[in-house]
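Here is a short tour for anyone who likes to keep a viewer open while reading. Load the model, colour it by chain, and follow along.

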Amino acid sequence: MPILSLHNVSKSFGALTVAERVSFDLRAGEALGVIGPNGAGKSSLFNLIAGNLRPDSGRIVLDGRDVTAAPPMQRCLAGIGRSFQIPQPFGHLSVYENLLVAARFGGALSADAAPRHCMDILRRTGLAAQAERIAGSLSLLQRKRLELARAMATEPRVILLDEIAGGLTEGECGELVATIRQIHAEGTAIIWIEHVLHALTSVVERLMVLNFGRVLVIGAPDEVMASPEVGEIYLGVAA
Amino acid sequence: MIWLDTLLQGVLLGGLYALFAAGLSLVFGVMRLVNLAHGDLIILAAYLILGVAAVLGVTPVVALLIAAPVMFVVGWLLQMQVFNRVLGDDILPPLLVTFGLSVVIQNALLEGFTANSQKLSLGPIETQSLHLGSVTVGVIPMMTLASAVAVIFLLNQLFYRTSLGRAFRATSDDVVTAQLMGIRPRRIFAMATGIAMVVATLAAFYLGARANFDPSIGPARLLYAFEAVIIGGLGSLWGTLAGGLVIGVAQAFGAAVNPEWQILSGHIAFVIVLLLKPRGFFPRATD
């Protein structure tokens, strides 16, 4: 049984369609990459899955449970963790407190278990030395790491990564990819929107291409990238 | 020596203003809600203490202990049923709703208790005082200041040492992201307003013990509370205490020069602080 399924999910804002009959399954522990030109509806897809947007029609099923009408906090508790394209830490809280809030409320961890869990994640994401720093003062790489760490702190079964490698240097990107690989290896399912294709394809098992809110193609990364349709629409290469 | 005495009386009065302001500061800090009914809710709490004491035949202190949880529930329900419905990007609806609530509370109290002044009678302690060298301080005003310091201290502990406090701060920072971390903002806001009403009840107790009150004096308490919050810096609890003390001391010195200048002096101090430090004494680093 898939961990997450979207069935004909559609969403429009007036004449602008951000999702049109989007359907796909995410297997437990699978990593799925999402690519597409700007405005293709990638971040809107995450908003629909995380509960920030309600679909006009269609169903979203998490681990057999219909969560289409569930608000974001319930989806978080049900196992969906999210990072943002533009990092949105709780700027007045310390790095450690950012994780603690996520672990206590999103992961429903006890007051005893949460601190250990958070310190473990801080070590794994390379943020242990920044634990006491106010999150608003972090560098871009550190903020991206915090986005990932905070999503992990909610103990997700599906983690949504939105352009987490964007704006990083090659070395920084490599470090972050190594952490994501580790999370994946531990069995967490991942949906990853990314423009840095070599980083994305080094982790994901399948790639999905979105265009104008529609799923253009979904399959193995090599096959998808070799598709003439993708080359024309996404990479601007004539078929 | 009269100036030292005036300064001390001003500081003690400032403790009461800080209590008025603490709840307002808490609610504003967590949800950016300017509760124009805050002063009237303090007066409502004062009448509740008065009513409980009269009906049950208990002392005002016992009545306070009964009224505080009742006011917590009042705050919780107000937030869940009224304020949460109007909170959003537009600041006007909450202002209109709380203004309307202010009018409703004033008129309901007028209908229920008439315009006659009331007072909470604490017995002999009201007139007891301590002689500290050449100055004399009343026991009740000292308890008021001590309570204000204790309330601010406890609220700070709540904010920075507890899971609920972190949720308050996280929701204050970014309500959308907070929801994605499993926080239920509506409940967090209701907890904040409930706690603010408990503090307002304590403020009401000292207000009623110190002076007469009637249904119409809420808006003036709101004004003092506002000035204290703004002088201290929006979102800073210790700043709110400092703001209360500034207003209290300014009023005490104004009254010492000419009793008619008491209230005006507080407002002038507020304007001077705004001119010199527009963001108050202890503004948050970033907003």
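The notes below go through a sheet, two domains, a chain contact and one residue.

## The sheet of chain A

This is a predicted model, and a good place to start is the open sheet of chain A, which has six strands in the order β6-β7-β8-β3-β9-β10. The pairing in this sheet is mixed. At its edges stand β6 (80-82) and β10 (214-219) of chain A; each has a single partner strand, so one side of each is left without a neighbour in the sheet. Direction ignored, neighbouring strands of the sheet are turned by 20 degrees against each other on average.

Starting from the β6 edge, β6(A) pairs with β7 (residues 158-162) of chain A in the parallel sense, over three bridges. One pair to look for here is A:Arg82, which has A:Leu160 in β7(A) as its bridge partner. Next, β7(A) and β8(A) run parallel and are joined by five bridges, with A:Val158 opposite A:Ala189 of β8(A). On to β3(A): this strand is also parallel to β8(A), with four bridges between them, and A:Leu32 stands opposite A:Ile191 in β8(A).

## A covered strand and its helices

How much of β8(A) is buried? Five of its five residues are, so to speak, under cover: β8(A) is mostly covered, with five of five buried. A:Ala189, A:Ile191 and A:Ile193 point one way from the strand, while A:Ile190 and A:Trp192 point the other way, and all of them are buried.

Two helices of chain A are worth displaying together with these strands. Helix α1 (residues 42-50) lies across β3 (31-35), β6, β7, β8 (189-193) and β9 (206-211) of chain A, and runs at about 150 degrees to β7(A). Helix α6 (residues 170-185) of chain A joins β7(A) and β8(A) in a right-handed β-α-β unit.

## Two domains in chain A

Chain A is divided into domain 1 (1-79 + 159-239) and domain 2 (89-155). Taken over C-alpha atoms, the centres of these two domains of chain A are separated by 24 Å. Where they touch, twelve residues of domain 1 of chain A are in contact with 14 residues of domain 2 of chain A.

On the domain 1 side of this contact in chain A, the elements that give two or more residues are α2 (72-78) and α6 of chain A. The most comes from α6(A), with six residues. By class, the residues on this side of domain 1 of chain A are seven nonpolar, three polar and two charged.

## Where chains A and B touch

The contact between the chains takes 23 residues from chain A and 17 residues from chain B. On the chain B side, α6 (163-173) and α7 (175-180) of chain B each supply at least two residues. The largest share of that side, six residues, comes from α6(B). The side of chain B that touches chain A has six nonpolar, five polar and six charged residues.

## A buried tyrosine in chain B

Is B:Tyr206, in helix α8 (residues 185-210) of chain B, buried or exposed? B:Tyr206 is buried, because 24 other C-beta atoms lie within 10 Å, and 20 or more count as buried.

Leaving aside neighbours within four places in sequence, B:Tyr206 is in contact with B:Leu16, B:Leu19, B:Thr144 and B:Ser147. The C-alpha atoms of B:Tyr206 and B:Ile140 are separated by 7.6 Å, although these residues are 66 residues apart along the chain.

Conventions
Residues numbered from 1 in each chain as written. Chains lettered and ligands numbered in written order. Predicted model: local features only at pLDDT ≥ 70, side-chain atom pairs only at ≥ 80, totals over all residues. Pairing = 2+ DSSP bridges. Axes fitted to C-alpha atoms, helices over the stretch in contact; angles between N-to-C directions. Contact = placed C-beta atoms within 7 Å. Buried ≥ 20, exposed ≤ 12 C-beta atoms within 10 Å, placed from the backbone. Right-handed = clockwise from strand over helix to strand, strands pointing away. Domains from an automatic or database assignment. Nonpolar A, V, L, I, M, F, W, Y, C, P; charged D, E, K, R; others polar.
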